[in-house]
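Open the model in your viewer and keep the selection panel at hand. The stops below say what to pick and what is there.

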There are 2 protein chains.
Amino acid sequence: MGETTTARRRPTIRDVAAAAGVSRGTVSRVINGGHWVSPDARDAVEDAIRRTGYTANHAARSLATGRAGSLAFLLTEPQHLLFADPTFSLLLRGAAEALAQRSMTLVLLVAGTPAERANVAHFVSAGHVDGVLLISSHESDPLLEALLEAGVPTVSCGLPLGHQGDLAAVSVDEEGSARAMTRYLREQGHRRIATIAGPDDTPGGRYRLVGFREEMGDAFDPELVERGDYSAESGLAAMTRLLERTRDIDAVFAASDGMAAGAVQALARAGLRVPEDVAVAGFDDSGLAASHEPPLTTMRQPWDRLSGEMVTLLLEVIDGAPRRSVTLPTELIVRDSA
Amino acid sequence: MGETTTARRRPTIRDVAAAAGVSRGTVSRVINGGHWVSPDARDAVEDAIRRTGYTANHAARSLATGRAGSLAFLLTEPQHLLFADPTFSLLLRGAAEALAQRSMTLVLLVAGTPAERANVAHFVSAGHVDGVLLISSHESDPLLEALLEAGVPTVSCGLPLGHQGDLAAVSVDEEGSARAMTRYLREQGHRRIATIAGPDDTPGGRYRLVGFREEMGDAFDPELVERGDYSAESGLAAMTRLLERTRDIDAVFAASDGMAAGAVQALARAGLRVPEDVAVAGFDDSGLAASHEPPLTTMRQPWDRLSGEMVTLLLEVIDGAPRRSVTLPTELIVRDSA
DNA sequence: GGTGTGACTGGGACCGGTCACAGTCTGAAC
DNA sequence: GTTCAGACTGTGACCGGTCCCAGTCACACC
């Protein structure tokens with residue numbers, strides 16, 4: 001009764017088929033690559049799609065193919081460590097763009113609290129996404145166990161400690177990078193080099209320390225090793241502890257830019273100048289590093305490429321290809337702090 | 001032929017119905033609230049769900065209901081302004097959690113390049129999501145026009161300049177907040193107060209300046225107004241311009257913490273101390289503010305609540321309720337810089 | 001006893017795609 | 001003139017839910 005037709009039904013594949021004078025099957029074939037379709041039919045279909053303004057229905061396709069057409073970006077890190085980090089945004093954006101190019105979508109999942117973790121595990125195991133981009137660095141993550149158990153295609157950002165070989169991963173050469181930075185510091189003439197390592201249950205915490213120790217060789221002094229949790233506060237605390245133990249330090253290699261910044265603060269409080277009295281080097285080349293005062297010498301991680309590679313690897317796994325891992329190069333960025 | 005059955009089919013609603021000895025319809029009713037179901041039937045179904053490990057198929061449900069079960073988190077801001085901002089992460093996380101509570105998912109969309117914008121507009125208009133959480137502050141965004149045109153339920157983060165009234169929005173009282181900060185500065189005894197406003201095509205840029213001007217009253221001096229784009233670099237440049245014009249300034253109100261930080265840098269280069277010579281106040285209370293040296297006095301935006309409110313409002317619109325907007329309170333945070 | 005009503009249940013139709021299969025047509029090979 | 005392969009097309013079944021309608025049953029009321 002005088003109903004306006006503004007909210008008309010979205011055109012379906014049947015409408016397109018009718019408009020093009022072909023069958024649904026042919027339309028479907030044109031949409032999916034167009035093999036075994038005559039040029040005439042293809043043209044007619046493409047024209048009909050244009051005229052009708054047809055867009056495929058995601059849900060219907062998923063139902064028929066059994067594929068969700070989306071990947072999860074799964075954050076398991078406690079918020080204060082990663083979520084506020086600008087590099088995380090780069091990672092996220094890179095993944096979103098890599099997926100958009102493939103007409104897939106990114107679903108953001110946050111697994112902080114135990115309740116959230118359970119929900120997430122359930123959600124992912126239920127097949128609501130085709131795979132998981134796992135942003136977690138801590139060893140023996142129960143969520144990871146659940147994912148492996150459920151056979152969900154997963155790719156890890158950074159080496160999955162305790163599960164190397166169980167899933168694909170994109171990482172950087174932690175050990176080599178740490179050696180390179182240590183070598184650089186020694187080449188600058190520093191001899192008493194301390195390090196502020198990350199937690200031992202993270203790949204960066206473990207292997208950067210290994211690289212540091214190896215490169216130092218006989219000059220390695222266990223007294224010059226402290227640990228933090230990658231935050232600036234922990235860097236400040238670690239540097240303070242080091243200085244309480246000895247003032248005979250001429251350089252510090254911190255496993256993150258945040259800890260390097262904290263170390264600079266601790267040194268300033270102790271009346272020491274950077275880099276004149278003590279050189280300080282960071283790791284990551286996060287946004288912080290360049291804008292810091294003084295600008296931090298650091299090891300750049302290829303944040304812009306990381307998530308793109310993760311997506312590539314994950315899609316391979318989903319397609320049933322053999323699991324593959326990738327190691328990306330880092331780059332020494334020399335600024336003022338060391 | 002000896003095929004393992006590990007990769008068994010996921011249980012469907014039919015399996016549950018069979019296990020419970022009822023029909024599909026009854027199972028569906030139990031799942032969706034359970035009205036008009038006898039207690040016996042409900043128990044049987046719930047037990048069957050447990051035994052079979054049943055999980056609803058998202059795609060099938062979407063197809064039948066015509067609802068996607070997801071919202072888009074749509075970023076239209078140029079990356080350098082917002083993406084690296086820790087507050088953005090809070091926003092994102094808040095939205096993800098609010099949705100997870102409702103068993104919905106968050107799809108991240110990035111519309112930076114023109115190609116991306118076109119894709120996003122198409123994607124959203126095609127109904128792949130139920131609504132859009134729009135994170136954009138610039139006036140006359142063509143993407144917003146496209147969304148309104150297509151009738152996509154949308155809620156804006158911050159007042160949508162040029163489209164107030166056309167869509168729901170969650171915002172803060174820009175004008176009142178700016179007045180409060182200005183009043184505070186005057187109460188501290190400052191008389192020559194400059195401001196570094198944001199771009200005039202953003203609500204923060206426009207209304208914070210309005211509030212500042214009104215609160216200054218007769219003391220308002222157009223010579224003491226500069227604009228930036230919220231970044232630290234622009235704050236530095238703006239403060240430098242102000243100082244070139246006059247040294248008769250005893251306080252600066254910047255429309256973002258980043259610009260406040262830039263202003264502090266410019267003042268330092270000019271040999272002026274903060275807050276002794278010039279007081280500096282920011283806006284946002286982003287992560288930067290507290291860790292800045294000196295810690296910034298600023299206006300806290302309720303980042304943690306913002307996206308939760310956005311989700312609430314958007315779901316209301318999707319459910320056909322009348323459009324509603326919300327204004328959240330800000331809070332003056334006094335630290336060392338002013 | 002007949003009728004009405006409300007609680008509950010079952011099942012067919014449908015959402016919009018994909019897929020497998022059967023069928024048609026064309027042209028080359030024998 | 002068959003036969004046959006290969007290119008192309010159409011159709012029915014299906015994916016796993018929801019919706020709606022018809023139907024059953026128990027109970028109250030006249």
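Helices (H or I, at least four residues) and strands (E, at least two) are DSSP runs here, numbered from the N terminus. This is a predicted model: local features need pLDDT of at least 70, side-chain atom pairs count only at pLDDT 80 or more, and totals for chains, interfaces and linings use all residues. Residues are numbered from 1 along each chain as its sequence is written, while chains are lettered from A and ligands numbered from 1 in the order in which they are written.

**Stop 1: Gly287(A).** Select helix α13 (residues 287–291) of chain A; Gly287(A) is found there. Burial is a count of other C-beta atoms, placed from the backbone, within 10 Å of a residue's own: 20 or more is buried, 12 or fewer is exposed, and in between is partly exposed. Gly287(A) has 18 such neighbors within 10 Å, so it is partly exposed. Now add Thr87(A). It lies 200 residues from Gly287(A) in sequence, yet the C-alpha atoms are 7.3 Å apart.

**Stop 2: helix α9 of chain A.** Select residues 174–187 of chain A. The expected span is 1.5 Å times one less than the number of residues. For the 14 residues of α9(A) that gives 20 Å, and the end C-alpha atoms are 20 Å apart, which agrees. Color Glu174(A), Ser177(A), Ala178(A), Met181(A), Thr182(A), Tyr184(A) and Leu185(A): these are the buried residues of α9(A). Look down the axis of α9(A): they fall within an arc of 155°, so they line one face of the helix. The arc is taken over the directions from the helix axis to the C-beta atoms. After α9(A) comes Gly189(A), with a positive phi near 100°.

**Stop 3: helix α8 of chain B.** Select residues 142–150 of chain B. Leu143(B), Leu144(B) and Leu147(B) are buried in α8(B). Down the axis of α8(B), the buried residues fall within an arc of 100°, so they too line one face. Pro142(B) and Glu149(B) are exposed on the other side of α8(B). Show α7, β3 (131–135) and β4 (154–157) of chain B; these are among what covers the buried residues of α8(B). Gly151(B) follows α8(B), and its phi is positive, near 70°.

**Stop 4: chain A against chain B.** Two residues are in contact if their C-beta atoms, placed from the backbone, lie within 7 Å. The contact takes 29 residues from chain B and 29 residues from chain A. On the chain B side, α4 (58–65), α6 (86–101), β2 (105–110) and α7 (114–125) each supply at least two residues. The largest share there, 8 residues, is from α6(B).

Now superpose the chains, by least squares on the C-alpha atoms of residues with pLDDT of at least 70 in both. A turn of 180° and a shift of 0.1 Å along the axis lay chain B on chain A with an RMSD of 0.1 Å. The two copies are thus related as by a two-fold rotation axis.

**Stop 5: the DNA strands.** A residue is near a strand if its C-beta atom, placed from the backbone, lies within 6 Å of it. Which residues are closest to DNA strand C? Ile13(A), Ser28(A), Ala64(A), Gly25(B) and Ala41(B), out of 26 that surround DNA strand C. α4(A) gives the most to that surface, with 5 residues.

Switch to DNA strand D. 27 residues surround DNA strand D, and the closest are Gly25(A), Ala41(A), Ile13(B), Ser28(B) and Ala64(B). Here the largest share, 5 residues, comes from α4(B).
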